[in-house]
Amino acid sequence: MKDNPPCNTLFIGNLGETVVEEELRGLFSVQPGFKQMKVLRQDRNTVCFIEFDDVSAASAVHHTLQGAIVPSSGRGGMRIQFSKNPFGRRKDLVGGMVGTLNGAPV
């Protein structure tokens with residue numbers, strides 16, 4: 001499976017629309033270096049971004065939980081990849097990075 005370069009933020013895919021956020025939080029919040037989590041729900045697809053203290057903590061979770069099954073998801077194992085962008089940052093329209101804090105530009 002193709003992956004992005006390692007960073008401190010993980011992208012969690014292959015989550016069903018029925019996945020329970022508290023179940024995900026319970027699984028990831030106990031991992032060393034956990035900082036924060038954001039679940040994004042779309043029509044038939046749910047994804048999650050999880051930030052860790054550093055790349056090594058994110059890498060350990062990437063390796064340990066790859067393919068783990070979340071019962072409330074109703075799908076097979078989770079697909080874990082390194083995020084394209086660090087948590088809380090998004091690409092702007094001209095390709096640079098724009099920081100955000102609670103949705104507000106910084």
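The following exchange concerns salt bridges, burial and backbone angles in a predicted model.

Biologist: How many salt bridges does the predicted model contain?
Modeller: Side chains of opposite charge can pair when their charged atoms come close. The rule applied here asks for a side-chain nitrogen of Lys or Arg within 4 Å of a carboxyl oxygen of Asp or Glu. By this rule the number of salt bridges is 3.

Biologist: Which residue forms a salt bridge with glutamate 17?
Modeller: Glutamate 17 sits in the loop between strand 1 (9-15) and helix 1 (21-28). Its partner lies in the loop between helix 2 (55-65) and strand 4 (79-82), 58 residues apart from glutamate 17. The closest N and O atoms of the pair are 4.0 Å apart, and the partner is arginine 75.

Biologist: Are glutamate 17 and arginine 75 buried, partly exposed or exposed?
Modeller: Buried means under 20% relative accessible area and exposed means over 50%, with partly exposed in between. Glutamate 17 has a relative accessibility of 39%, so it falls in the middle class. Arginine 75 is at 31%, so this residue also counts as partly exposed.

Biologist: Which residue meets glutamate 21 in a salt bridge?
Modeller: An α-helix has 3.6 residues a turn, so residues three or four places apart point the same way. Glutamate 21 and its partner both lie in helix 1, 4 residues apart, about one turn of the helix. At 28% for glutamate 21 and 34% for the partner, each counts as partly exposed. The N to O distance is 3.6 Å, and the partner is arginine 25.

Biologist: In the salt bridge between glutamate 51 and lysine 35, which residue is buried?
Modeller: The side chains of these two residues meet at 3.9 Å, N to O. Glutamate 51 lies in strand 3 (residues 46-52) and lysine 35 in strand 2 (residues 34-41), so the pair ties together parts that are 16 residues apart in sequence. Lysine 35 has a relative accessible area of 46% and is therefore partly exposed. With a relative accessibility of 10%, the buried residue is glutamate 51.

Biologist: Why do the buried residues of helix 2 line one face of the helix?
Modeller: The buried residues in helix 2 are Ala57, Ala58, Val61, His62 and Leu65. The face turned away from this buried side carries the exposed residues Ser56, His63 and Thr64. Viewed down the axis of helix 2, the buried residues line one face because they fall within an arc of 140 degrees.

Biologist: Which elements do the buried residues of helix 2 pack against?
Modeller: The buried set includes Val61 and Leu65. Its packing partners are strand 1, helix 1, strand 3 and strand 4.

Biologist: Which residues does serine 73 touch, leaving aside those up to four places away in sequence?
Modeller: Serine 73 is located in the loop between helix 2 and strand 4. Its relative accessibility is 4%, so serine 73 counts as buried. The residues it touches are Asn14, Leu15, Gly16, Thr18 and Val19.

Biologist: What is the phi of asparagine 14?
Modeller: Most residues other than glycine have a negative phi. Asparagine 14 lies in strand 1 and, at 27% relative accessibility, counts as partly exposed. Its phi is positive, in a residue other than glycine, with a value near 60 degrees.

Biologist: What phi does glycine 67 take?
Modeller: Glycine 67 is found just after helix 2. Its phi is positive, at about 85 degrees.

Notes
Residues numbered from 1 in each chain as written. Predicted model: local features only at pLDDT ≥ 70, side-chain atom pairs only at ≥ 80, totals over all residues. Heavy atoms only, no water. Helix = DSSP H or I, 4+ residues; strand = E, 2+ residues; numbered from the N terminus. Buried < 20%, exposed > 50% of the residue type's maximum accessible area, 1.4 Å probe, protein only. Contact = heavy atoms within 4.5 Å. Arc of directions from axis to C-beta.
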